[in-house]
Amino acid sequence: MSTGAIEAAGVVRASSGDALRALTLELRELYDEIAELLDDDQVERLPSYFTDDCMYQVVSKENHDQGLPQATIYCDGIGMLRDRVVALRETQVYEPRAWRHFVSGVRVVGVQGDPAAGGEIRARGNFLVTEAMSDAEPTMLLVGRYLDRLVRRDGRLLFRERLVVYDNYRVVRSLIVPV
Amino acid sequence: MGKSLQSETDAARLWPAEGWTRVPYWVYTDPAVYARELETFFYGPSWNYVALDCEIPEPGCYKRSWIGERQVVVVRAKDGGIHVWENRCAHRGARVCWQNKGKVDSFTCPYHQWNFNLDGRLQGVPLKRGVLGKGGMPPDFDNAQHGLRKLRVHVEGGSIWASFAPEGPGFAEYVGPEMHGYIRRLFSGRPLKLLGYSRQLIPANWKMYIENLKDPYHATLLHAFLITFGLWRADTKSESTPVGRGEHGIMVSANVGKTTAESAAEMARNKSRLVLEDKDTVTPRREFDDGKVVGLTVFPSVVMHQQANTLGMRHIIPKGTGAFELSWTYYGFADEDPELTRLRVRHANLYGPAGYVAMEDGEVMAEAQFGAAEYAHRAAVLEMGGKDVAPQDHMVTEVLIRAFYKYYREAMGL
């Protein structure tokens with residue numbers, strides 16, 4: 001769906017380009033905020049950006065293109081997303097490293113209904129994540145797209161669905177934190 | 001003085017006198033050893049896992065796969081039969097098939113457009129008779145002699161296996177009766193449903209993965225997630241059984257659910273008060289009558305797991321001495337209810353490159369490869385559970401790894 005294909009009524013169409021630009025800016029800031037909290041090792045904050053009935057997946061392009069349900073990280077519901085964080089912090093063993101997210105091309109691709117009244121925003125963006133071990137050069141870990149559905153709750157945009165679809169055929173070594 | 005490099009190398013490749021309770025680190029790093037492994041195991045009289053039949057549901061459907069470092073194509077022919085051939089043109093060696101999956105009537109090599117039947121036979125050679133009386137193949141060129149290299153194929157209840165050896169043991173003989181029984185427990189012929197893939201490149205020697213699934217000792221210590229949520233414990237009733245000549249292994253345990261045990265209290269990282277919000281993640285629905293949790297290693301190419309409600313094939317694809325690809329194919333059954341499929345997908349969070357359990361395996365194997373790299377002259381110690389290779393009925397043992405290296409030395413002549 002292109003920008004021109006924004007459907008339905010709602011604030012975006014009603015006030016034409018200005019509202020779309022404002023929404024796009026808001027989304028860019030949101031995406032950057034999440035990238036920053038992940039880069040700053042504050043993954044505990046991630047679930048607060050999702051609705052209770054959320055779907056969060058990190059999934060290969062291979063599975064996504066074939067419509068296969070398997071995902072590398074699969075969380076349906078906020079409980080599973082919180083469990084992912086608890087398991088990571090409390091049980092998992094891995095070599096420490098630093099990650100950095102580069103997000104670009106954040107764009108609104110559709111609005112259904114009035115976002116101010118529970119309507120849903122569809123958005124997407126590109127990401128690239130680098131990984132640096134403490135004794136080696138950074139490498140590219142993952143590159144791909146965010147395919148998102150968001151809703152506004154109490155003024156805040158929350159993810160109802162975030163599909164992190166990576167282009168990589170395979171993950172080198174491990175995928176440790178959400179993307 | 002006067003000592004040749006060759007003799008130094010030979011001296012360094014002597015197995016330690018202690019035998020199978022030691023593993024010299026050169027088995028993980030020496031390119032000559034690796035080359036012999038590929039010939040002896042992957043390209044020898046072994047049966048290698050290549051695909052599930054639900055991946056190629058219709059005639060003309062194909063999937064690329066690997067045996068060792070050789071790429072093969074698994075194809076369903078018009079009569080429904082399954083063929084496996086090397087993805088390497090009979091003409092100049094270029095890859096004939098350029099996509100991982102698809103559906104075709106025949107295969108045409110993009111280089112000179114030699115055309116092959118679904119079963120690998122050469123059907124057509126462009127300009128075979130030349131142009132205007134000039135060129136072309138010699139009159140004695142026989143298409144029948146220039147097909148793609150075909151492998152022997154065995155289908156076991158929907159799992160597809162192939163062997164490079166034109167003759168040799170059949171599948172049942174290769175895996176042995178006990179393993180065959182466990183494979184049939186998973187692959188009874190009930191139609192399969194493909195759920196998806198996870199692929200990772202682990203920077204470690206491929207045998208470390210073979211060892212990983214022969215090592216219940218580590219599972220009780222490294223994998224705090226399993227311990228914490230009761231999916232696996234040191235005091236769980238279990239069996240570790242080497243089969244074949246020690247190359248294959250069967251690990252069986254019971255899923256006991258979350259309880260506290262004295263042995264768990266000894267484990268430093270145990271977090272007994274930890275609670276998951278989503279109980280489905282650690283609460284499997286009973287589906288096999290025997291209540292068992294099973295991990296099967298069919299050497300050299302695959303580990304099959306059934307843990308909670310996730311079912312998967314872990315295809316081991318070596319990439320040189322220091323890396324291997326681990327390709328996970330997750331499946332269920334075509335006739336199961338959607339809720340069970342959902343549980344399988346949820347429980348698969350245990351596995352793959354981000355798995356609560358499997359991530360840690362990739363991490364420690366990569367670290368162990370670092371430990372092997374500069375230390376060919378030293379050896380790992382495998383004495384947990386004693387020094388012999390007889391089956392044991394508990395987890396605190398390295399018997400399966402010892403049995404594996406007993407077999408390995410015989411097969412490799414080391």
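Select strand β7 of chain A (residues 171-172) together with β12(B): the two pair in the parallel sense over 2 bridges, where pairing requires that DSSP finds at least two bridges between the strands, and where strands (E, at least two residues) and helices (H or I, at least four residues) are DSSP runs numbered from the N terminus. Within this pairing, A:Val172 stands opposite B:Leu201 in β12(B). This is a predicted model, in which local features need pLDDT of at least 70 and side-chain atom pairs count only at pLDDT 80 or more, while totals for chains, interfaces and linings use all residues. Residues are numbered from 1 along each chain as its sequence is written, and chains are lettered from A, and ligands numbered from 1, in the order in which they are written.

Next, extend the selection to the whole sheet, an open one of 8 strands with mixed pairing, in the order β7(A)-β12(B)-β18(B)-β17(B)-β16(B)-β15(B)-β14(B)-β13(B). Its edge strands, each pairing on one side only, are β7 of chain A and β13 (238-243) of chain B. Strands of a sheet pair through backbone hydrogen bonds, either parallel or antiparallel. For an antiparallel example, pick β14 (residues 248-254) and β15 (residues 292-298) of chain B, which are joined by 6 bridges; here B:Met251 has B:Gly295 in β15(B) as its bridge partner.

Now add helix α10 (residues 399-412) of chain B, which lies across β13 and β14 of chain B and runs at about 0° to β13(B), the angle being taken, on a scale from 0 to 180 degrees, between N-to-C directions of axes that are lines fitted to C-alpha atoms, for helices over the stretch in contact.

Turn then to the contact between the chains, which takes 36 residues from chain B and 31 residues from chain A, residues being in contact if their C-beta atoms, placed from the backbone, lie within 7 Å. On the side of chain B that touches chain A, at least two residues each come from β12 (192-202), α6 (224-228), β18 (324-333), α8 (338-347) and α9 (358-373), and the largest share, 9 residues, comes from β12(B).

Finally, colour chain B by domain: domain 1 (48-155) and domain 2 (177-412), with bounds from an automatic or database domain assignment. Their centres, taken over C-alpha atoms, are separated by 35 Å, and their contact takes 10 residues from domain 1 and 12 residues from domain 2.

Terms used:
Contact = placed C-beta atoms within 7 Å.
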